[in-house]
Amino acid sequence: MRSKLVAGNWKMHGGTAQNQDLLRAIVAGTADLRGADFTVCVPYPYLSQAQTLLRDTHIRWGAQNVSQHDKGAYTGEVSAVMLMDFGCHYVIVGHSERRALYGEDSDTVALKFQAAQVAGLIPILCVGETLDQREADVTEQVVAAQLDAVIELAGVDALVKSILAYEPVWAIGTGKTATPGQAQDVHAFIRARIAAHSPKVAAGLQILYGGSVKANNAEELFAMTDIDGGLVGGASLVADEFVAICRAAKN
Ligand code: PEP
């Protein structure tokens, strides 16, 4: 049976003082929970702070992006080895904001996925369709193409040491959550597509749902057969909300 994972994506939010309060509250609020994993993906400048505050706790930390290159003249980029140096466990790759705002295509995302794994990080690979694509009934084609780019480059077995996150773009930061049924349908599609390559890899893969997950909808989303937790943006910045979502993953 797959365990659950709740990952917070702070995006470009935070500050040293508020991070300290938030991280301490998350550690304290989830201290009694066993059998599920919790992580926060923080902006690069706060990785050191996360490492200091979380290193002896049950909460892991990670980053929100990584370079596809290992070193060199890439001004402003951060390599996977550097993230390992700060104790990161996870890194988000292919978030829709990076795809849409920074022109990251699926081939680049696949390279980032691979670079992360080579260094020993667990990539959290985000896939998902826009509203136009959903309305044009091409959700499955879009998600399949995003997924296939990684499988073609890295091979299906690479998914063993990764996490997938289905994040419908129209549900991110909008307050519009996919219904549990809508999310389950896409999660089941993703799992079946991977099962066509390897039933074993598909059965073991954690697939998170992301898109306006809140304390009041987490439990019903996480109850679906193929939803193995959540990737949480806005609600991960509010300690009580995030803790309640973590608790929902444990129920
Ligand atoms: C995200 O940033 O990945 C996300 C799902 O954001 P939100 O929870 O705010 O919709």
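**Notebook: ligand site, salt bridges and helix α8**

I began at the ligand, where I found one of its oxygen atoms 2.7 Å from an N or O atom in the side chain of E167. Taken alone the ligand exposes 290 Å², and I noted that the protein buries 97% of that area. I keep in mind throughout that this is a predicted model, and I read each distance below with that in view.

I then looked for backbone partners of the ligand. A polar backbone atom of S212 lies 2.8 Å from a ligand oxygen atom, and for G234, too, I noted a polar backbone atom 2.8 Å from an oxygen atom of the ligand.

Which residues come nearest to the ligand? Of the 14 residues around the ligand, I listed K11, E167, G173, S212 and G233 as those that come nearest. Sorting the shell by class, I obtained eight polar residues, four nonpolar ones and two charged ones.

I turned next to charged pairs. Side chains of opposite charge can pair when their charged atoms come close. The count for this model comes to ten salt bridges, and I followed three of them in detail.

The side chains of R2 and D226 meet in a salt bridge, with 4.0 Å from N to O. This pair links distant parts of the chain, since R2 sits in the segment before β1 (4-9) while D226 sits in the loop between α10 (218-222) and β8 (229-232), 224 residues apart. On accessibility, I recorded R2 as partly exposed, with a relative accessible area of 22%, whereas D226 is buried, with a relative accessible area of 10%.

The second pair was E104 and K112, a salt bridge in which the closest N and O atoms are 2.8 Å apart. Are its two partners buried or exposed? E104 counts as buried at 8% relative accessibility, and K112 is buried as well, with a relative accessible area of 3%.

For the third pair I noted that D148 forms a salt bridge with R193, the closest N and O atoms being 2.6 Å apart. D148 lies in helix α7 (residues 139-154) and R193 in helix α8, so this salt bridge ties together parts that are 45 residues apart in sequence. D148 counts as buried at 16% relative accessibility, but R193, at 31%, counts as partly exposed. I also found that R2, R191, D226 and D228 are joined into one network by salt bridges that share partners.

With R193 placed in helix α8, I examined that helix as a whole. Helix α8 (residues 180-195) has 16 residues and reaches 22 Å from its first C-alpha to its last, close to the 22 Å expected at 1.5 Å a residue. Its buried residues are P180, A183, Q184, V186, H187, F189, I190, R191 and I194. An α-helix has 3.6 residues a turn, so residues three or four places apart point the same way. I therefore set that rule beside the list for α8, in which A183, H187, I190 and I194 are among the buried residues. R191, named above in the salt-bridge network, is also on the buried list.

My last entry concerns Q206, which lies in the loop between α9 (199-204) and β7 (207-210). Q206 is buried, with a relative accessible area of 13%, and a polar atom of the Q206 side chain lies 2.7 Å from the backbone oxygen of S3.

Conventions. Residues numbered from 1 in each chain as written. Predicted model: local features only at pLDDT ≥ 70, side-chain atom pairs only at ≥ 80, totals over all residues. Heavy atoms only, no water. Helix = DSSP H or I, 4+ residues; strand = E, 2+ residues; numbered from the N terminus. Expected span 1.5 Å × (residues − 1). Buried < 20%, exposed > 50% of the residue type's maximum accessible area, 1.4 Å probe, protein only. Near = heavy atom within 4 Å. Polar contact = N/O pair within 3.5 Å; in protein donor to acceptor, adjacent residues only side chain to side chain. Areas by Shrake-Rupley, 256 points an atom, 1.4 Å probe, with all protein chains shown as cover. Nonpolar A, V, L, I, M, F, W, Y, C, P; charged D, E, K, R; others polar.
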